[in-house]
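Welcome to a short tour of one protein model. Have the sequence and the 3D view at hand as you read.

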Amino acid sequence: MKDEFITNILSKMIGTLTQEQYTKLKTALYMELQEYELEKRCTELMDVDQSYIHYLQLFLARKKTEGKSDRTIEQYRLHLIHMLQYLNMEVEKITENDLFVYLAKYKKDKNVSNVYLDNIRLVFSSFFSWLNAKGYISKNPTAGLEPIKVEKKIKQPFSDEELEKLRRICEQERDLALIEFLYSTGVRVSELVALNRKDIDFYGKNVVVYGKGSKERETYLNAASCLHLKAYLESRNDDNEALFVSARVPHTRLTVAGIEKMLQRIGKEAGVQKVHPHRFRRTMATNVLKKGMPLEEVKELLGHTKLDTTMIYCTVSKENVKHSHQKLMSA
């Protein structure tokens, strides 16, 4: 069994290691495993352990009371069930190594990014930390799981030219109103689809938004978004209370997927890459910062709890840095 185990590992490294590295690895494996007996775990005829269900239900209920959205809770549920069913053991017996191997296999099988994989790790950490805090398990197996390294890429906002291209390609007043609304308010797409007509105050040019954790905040309309949103609402002949609805009868409330698909189409027709709702949010935050809005006010506008989160959305151009340096360092 031990020879088969080592042979399987070495066969997967062919073409990756030099002959010298291959030999060193083989020697190290035999030396390290000489005092161990290996036994292959059989899962085909094992009874399915479902003792986790009670804990999972309690955990998800807790997340609900914390104000997590239904979409977020569903993601928690899917990731946790997939892991717990795969490991098929009592939660008390799950170790750090079990989770490490699961994440490594998940990345290999699903070919997901490190960002996505680290989000899964965070879900596991939340679950097992809660189990440990409540006394359901004696040791938290995620305590030693290091954050998965992620290559930090600066996500670019739309340029003024790209925004204008998107505006010009819109044939329906609804599409133009939606683009201007996303850019002016910086709302999350999940917040947008929940908005109703009554949430808009055209006189004060503000919008009441219910964000993450059911937190209420105000965001604002600029002249363009106010103009196009009014025109869109006046052109509608349906009685749906939703702020944005489908173009076709029966004019149902737009969904997150529907808006994402619509923006992808507009982006493709306009020749602008990576057009999605969140990029409008980043663009708004970046532009108001460039024009002098204090970071603390941008944080409130976006509905963030921490300033660190706001900084993720904001990019600083080299031109701005150079201009500030020349201004502040001039004699």
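Here is a briefing on one helix and two helix pairs.

This is a predicted model, in which local features need pLDDT of at least 70 and side-chain atom pairs count only at pLDDT 80 or more, while totals for chains, interfaces and linings use all residues. Residues are numbered from 1 along each chain as its sequence is written, and side-chain values use heavy atoms, with hydrogens and water left out.

**Helix H12**
- H12 covers residues 277-290, and its end C-alpha atoms lie 21 Å apart, which agrees with the 20 Å expected for 14 residues (1.5 Å times one less than the number of residues).
- Ten of those 14 residues are buried, so H12 is largely enclosed by the rest of the structure (buried means under 20% relative accessible area, with a 1.4 Å probe and protein chains only).
- Among the buried residues are Arg 279, Arg 281 and Arg 282, along with Phe 280 and Met 284.
- Gly 292, with a positive phi near 105°, follows H12.

**H5 and H6**
- The axes of H5 (residues 96-110) and H6 (residues 114-133) come within 11 Å and cross at roughly 150°.
- That makes the two helices roughly antiparallel (angles over 145 degrees).
- Their contact (heavy atoms within 4.5 Å) includes Leu 99 and Tyr 102 of H5 and Phe 124 and Phe 128 of H6.

**H8 and H10**
- The axes of H8 (residues 173-185) and H10 (residues 223-235) come within 8 Å and cross at roughly 145°.
- Among the residues in contact are Leu 176 and Phe 181 of H8 and His 228 and Tyr 232 of H10.

Key. Helix = DSSP H or I, 4+ residues; strand = E, 2+ residues; numbered from the N terminus. Buried < 20%, exposed > 50% of the residue type's maximum accessible area, 1.4 Å probe, protein only. Axes fitted to C-alpha atoms, helices over the stretch in contact; angles between N-to-C directions. Parallel < 35°, antiparallel > 145°, perpendicular 65-115°, else oblique.
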